[in-house]
Amino acid sequence: MFSRKSSQRNGYTIDTLVGPDVVIRGDLEFSGGLYVEGRVEGELRATPGKPASLVLAENGSIHGQVHAPVVVINGCMKGDVHASARVELAARARVEGDVHYAV
């Protein structure tokens, strides 16, 4: 019935999409690519030991901490970002919080 297919957005593989009309309240653990166009109110944490990347779209917002290897921000982020690999801030990124990264 459902198949597991990844797609690409902005050069990143996306396994999970939080659509523009979606609001998630609570913590979320993920692996693979997570693309957020909607709003997340809670902590986003990548599953330890698995590859993961988070892309926050221009109209998306996150209110809470983020822990992931790769984080790309182009929307509104209110909270601390902890990236074990790298962080990319796009032209429309707005971050209220501390940003911790390796590269």
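Strands here are DSSP runs of E with at least two residues, numbered from the N terminus. On that footing, the chain in this predicted model comes out with 15 strands and 0 helices. Of its 103 residues, 41% count as buried. The accessible surface adds up to about 6000 Å², with carbon and sulfur atoms holding 48% of that. As for contacts with a separation of 6 or more, just 8% come from residues 24 or more positions apart.

Now for the strand pairing around β6. Strand β3, residues 16–18, runs parallel to β6 and is joined to it by 3 bridges, with Leu17 standing opposite Tyr35 of β6. β6 also pairs with β9, again in the parallel sense, over 5 bridges; here Leu34 sits opposite Leu54 in β9. Buried means under 20% relative accessible area, and 5 of the 5 residues of β6 meet that mark, so the strand is largely enclosed by the rest of the structure.

The largest nonpolar core takes in 19 residues, and Phe30, Leu44, Leu54, Ile62 and Val71 have the most contacts inside it. Two or more residues each come from β6 (32–36), β8 (44–46), β9 (52–56), β11 (66–73) and β13 (81–89). The top contributor is β11, which gives 4 residues. A second core, separate from this one, has 6 residues, among them Ile14, Tyr35, Val55 and Ala57.

Back in the largest core, Val71 is worth a look. With neighbours within four places in sequence set aside, Val71 is in contact with Leu54, Val66, Val81, Ala83, Val87, Arg86 and Glu88.

Note on methods:
Residues numbered from 1 in each chain as written. Predicted model: local features only at pLDDT ≥ 70, side-chain atom pairs only at ≥ 80, totals over all residues. Heavy atoms only, no water. Core = buried A, V, L, I, M, F, W, Y, C linked by side-chain atoms within 4.5 Å. Buried < 20%, exposed > 50% of the residue type's maximum accessible area, 1.4 Å probe, protein only. Contact = heavy atoms within 4.5 Å. Areas by Shrake-Rupley, 256 points an atom, 1.4 Å probe, with all protein chains shown as cover. Pairing = 2+ DSSP bridges.
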